[in-house]
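Me: Could you walk me through a few helix and salt-bridge details, one question at a time?

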Amino acid sequence: MAASQPQPHPLVRLETLALIAVGGFAGANLRYFAMGLLSDVQSVLLVNVIGSFALGFLVYEAQYTGLVAPKSRVVFTTGFLSSLTTYSTFAIQSALASTPLLLVAIVLGNYGLGFTGVLAGRELARRLGDPAAATTGGETA
């Protein structure tokens, strides 16, 4: 039998949870602030696209450069970005869309621009990590 790995001290997990909470607090408040800038549909689209871009960058940054520390990455991804972006409001806006055209615009906007944001974030991470990798094909992720 393999020896079991030593368990980290319970305070290490508590520290991580506290950092995620701080990131979540900041992300939720930024989303609340953004909701007052534009219409609700536009605000949700904005935070979802920005969040998708940032998440794409952080996920691929780990693969290409590793400049962001793992704990910081957790704070930004699980804490900040998961509170900034809002799938639930997007789903409700879709369900309450007053016309089929608005429904299509909401769904295509969030999914299409969100996916484009991830790709743009990935491209930025690639360029920061290895400029030659940004022009060669062949994805590994």
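The questions and answers below concern a predicted model.

Me: Let's start with helix H2: what distance should its 25 residues span?
Reply: Happy to. Helix H2 covers residues 40-64. Its end C-alpha atoms are 36 Å apart, in agreement with the span expected at 1.5 Å a residue. The expected span is therefore 36 Å.

Me: Which helices do the buried residues of H2 pack against?
Reply: A good part to look at in your viewer. The buried residues of H2 include Val44, Val47, Phe57, Leu58 and Tyr60. Glu61 is also one of them. Their packing partners are helix H1 (10-34), helix H3 (70-84), helix H4 (87-95) and helix H5 (100-129).

Me: Is Glu61 buried or exposed?
Reply: Glu61 lies in helix H2. The cut-off for buried is under 20% relative accessible area. Glu61 has 2% relative accessibility, so it counts as buried.

Me: Which residue forms a salt bridge with Glu61?
Reply: Setting aside neighbours within four places in sequence, the contacts of Glu61 are Gly66, Leu67, Val68, Arg73 and Ala125. In the salt bridge, the closest N and O atoms are 3.0 Å apart. The pair connects distant parts of the chain, with Glu61 in helix H2 and its partner in helix H3, 12 residues apart. Like Glu61, this partner is buried, and it is Arg73.

Me: How many residues apart are Lys71 and Glu15?
Reply: The side chains of Lys71 and Glu15 meet in a salt bridge, at 2.4 Å from N to O. This pair too links distant parts of the chain, Lys71 being in helix H3 and Glu15 in helix H1 at a separation of 56 residues.

Me: Are Lys71 and Glu15 buried or partly exposed?
Reply: Partly exposed lies between the cut-offs of 20% and 50% relative accessible area. Lys71 has a relative accessible area of 37%. Glu15 has 40% relative accessibility, so Glu15, like Lys71, is partly exposed.

Me: Which residues are joined with Glu123 into one salt-bridge network?
Reply: Glu123 forms a salt bridge with Arg127, their closest N and O atoms being 3.2 Å apart. Both lie in helix H5, 4 residues apart, or about one turn of the helix. Salt bridges with shared partners join Glu123 into one network with Arg126 and Arg127.

Me: And how many salt bridges does the count come to?
Reply: The rule asks for a side-chain nitrogen of Lys or Arg within 4 Å of a carboxyl oxygen of Asp or Glu. Lys71 with Glu15 is one of the pairs. By this rule, the number of salt bridges is 4.

Key:
Residues are numbered from 1 along each chain as its sequence is written. This is a predicted model: local features need pLDDT of at least 70, side-chain atom pairs count only at pLDDT 80 or more; totals for chains, interfaces and linings use all residues. Side-chain values use heavy atoms; hydrogens and water are left out. Helices (H or I, at least four residues) and strands (E, at least two) are DSSP runs, numbered from the N terminus. The expected span of a helix is 1.5 Å times one less than its number of residues. Buried means under 20% relative accessible area, exposed over 50%, partly exposed in between (1.4 Å probe, protein chains only). Contact means heavy atoms within 4.5 Å.
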